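Please look over the sequence and the model below before reading on. The report that follows takes up individual residues, strand pairing, aromatic rings and cysteines in turn.

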Amino acid sequence: MSENNHIKAGRICGNPLTGLCERIVIEVQRVFDGATTRYRSKTFIVNLDIADTLPEPFTFISSESTGAPKFENVITTRLDNCRTRIQGELIIPIIIRFRDGEGILHSSNSEAIIPRDIILNTPASALVPYCITNAVKLACELGTFISRTQVNMVACVIILTKIICPTDIVVPTYGRSVYPETHEGADTICDRILGIDIFPPIE
């Protein structure tokens, strides 16, 4: 953005009240509470879907989480002082990499399941309900095939659980952002074509 444009994001120079022109309502995701859980050596037995044509024995290589987890079979129990006991199963999508009996690398999608039983602060009952969100990272380089379709693995896992509620807040603003006109690059196909001489130069 232009240096002369004062309606833009960035550091405030001078009096921060200068330029304030309105109050607006913004819908945000308010975090009421949150906690992290870390497992250095969490054991899982996971199921794989492997083609019958692949030759054994299989050798485990690695595994990692591949997306957002699901939180299922959730039971919440209200406790004193706005505390809530949260129980459920965290289902983490993972990918497992392995080699077959001929040394060829393959991969298979699966799920790792972690039972959860935690206590967090939750808001009082209201028209807009709160929700429970989880962010997970799983990584593993230690595992063994216990059958053709099952792997026993030991993984490192970190889980961030948050209590979220949509909330409307009022904030002061400097108005709507102002953006400059786009400056297109000169090296376009039209520039090259339109810049061609009509007649070849005289040598």
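## A buried asparagine in strand 6

In this predicted model, Asn134 counts as buried because its relative accessibility is 16%, which is under the 20% limit used for that class. The residue belongs to strand 6, which spans residues 131–147, and its side chain makes a polar contact with the side chain of Thr161 at 2.7 Å.

When residues up to four places away in sequence are set aside, Asn134 touches Pro69, Phe71 and Leu90, and also Ile159, Leu160 and Thr161. Thr161 is therefore both a polar partner of the Asn134 side chain and one of the residues that Asn134 touches, with the burial of Asn134 itself resting on the 16% value.

## Strand pairing around strand 4

Strand 4 covers residues 83–99 and runs antiparallel to strand 2, to which six bridges join it; within strand 4, Phe98 is the bridge partner of Phe60. Strand 3, made of residues 70–78, also pairs with strand 4 in the antiparallel sense, over seven bridges, and here Glu72 has Glu89 of strand 4 as its bridge partner. These two strands, 3 and 4, form a hairpin with four residues between them, and in the turn Asn81 has a positive phi of about 55°.

Strand 4 pairs as well with strand 5 (residues 105–121), in the antiparallel sense and over 17 bridges, and the bridge partner of Arg85 in strand 5 is Ile119. The hairpin of strand 4 and strand 5 has five residues between the strands, and Gly103 takes a positive phi near 85° there.

## Ser62 and the cysteines

Ser62 is placed in strand 2, which runs over residues 59–65, and it is buried, with a relative accessible area of 16%. Apart from its neighbours within four places in sequence, Ser62 is in contact with Ile95, Ile96 and Arg97, and also with Cys140 and Glu141.

Cys140, one of the residues in contact with Ser62, is itself buried, at a relative accessible area of 4%, whereas Cys21 is exposed, with a value of 52%. Why does the sulfur of Cys140 form no bond with the closest cysteine sulfur? That closest sulfur belongs to Cys156 and lies 8.0 Å away, which is too far for a bond, given that a disulfide requires sulfur atoms within 2.5 Å. The structure as a whole holds zero disulfides.

## Aromatic rings and charges

A search of the whole structure finds three aromatic pairs, and one aromatic cluster is formed by Phe58, Phe98 and Phe145. Phe98 is also the strand 4 residue that serves as bridge partner of Phe60.

Two residues with charged side-chain ends lie over rings: the charged end of Arg30 sits over the ring of Phe32, at 4.2 Å from its centre, and Lys42 lies over the face of Tyr39, at 4.7 Å from the ring centre.

## Ile7 and the far end of the chain

Ile7 lies in the segment before strand 1, which spans 22–47, and it is partly exposed, with a relative accessible area of 27%. Which residues does Ile7 touch, not counting residues up to four places away in sequence? They are Tyr174, Gly175, Arg176, Ser177 and Val178. For Arg176, one of these contacts, the C-alpha atom is separated from that of Ile7 by 7.2 Å, although the two residues are 169 residues apart along the chain.

How values were computed: Residues numbered from 1 in each chain as written. Predicted model: local features only at pLDDT ≥ 70, side-chain atom pairs only at ≥ 80, totals over all residues. Heavy atoms only, no water. Buried < 20%, exposed > 50% of the residue type's maximum accessible area, 1.4 Å probe, protein only. Polar contact = N/O pair within 3.5 Å; in protein donor to acceptor, adjacent residues only side chain to side chain. Contact = heavy atoms within 4.5 Å. Phe/Tyr/Trp six-rings, centres within 6.5 Å; stacked < 30°, edge-to-face > 60°. Lys NZ or Arg CZ within 6 Å of the ring centre and 35° of its normal. Pairing = 2+ DSSP bridges.
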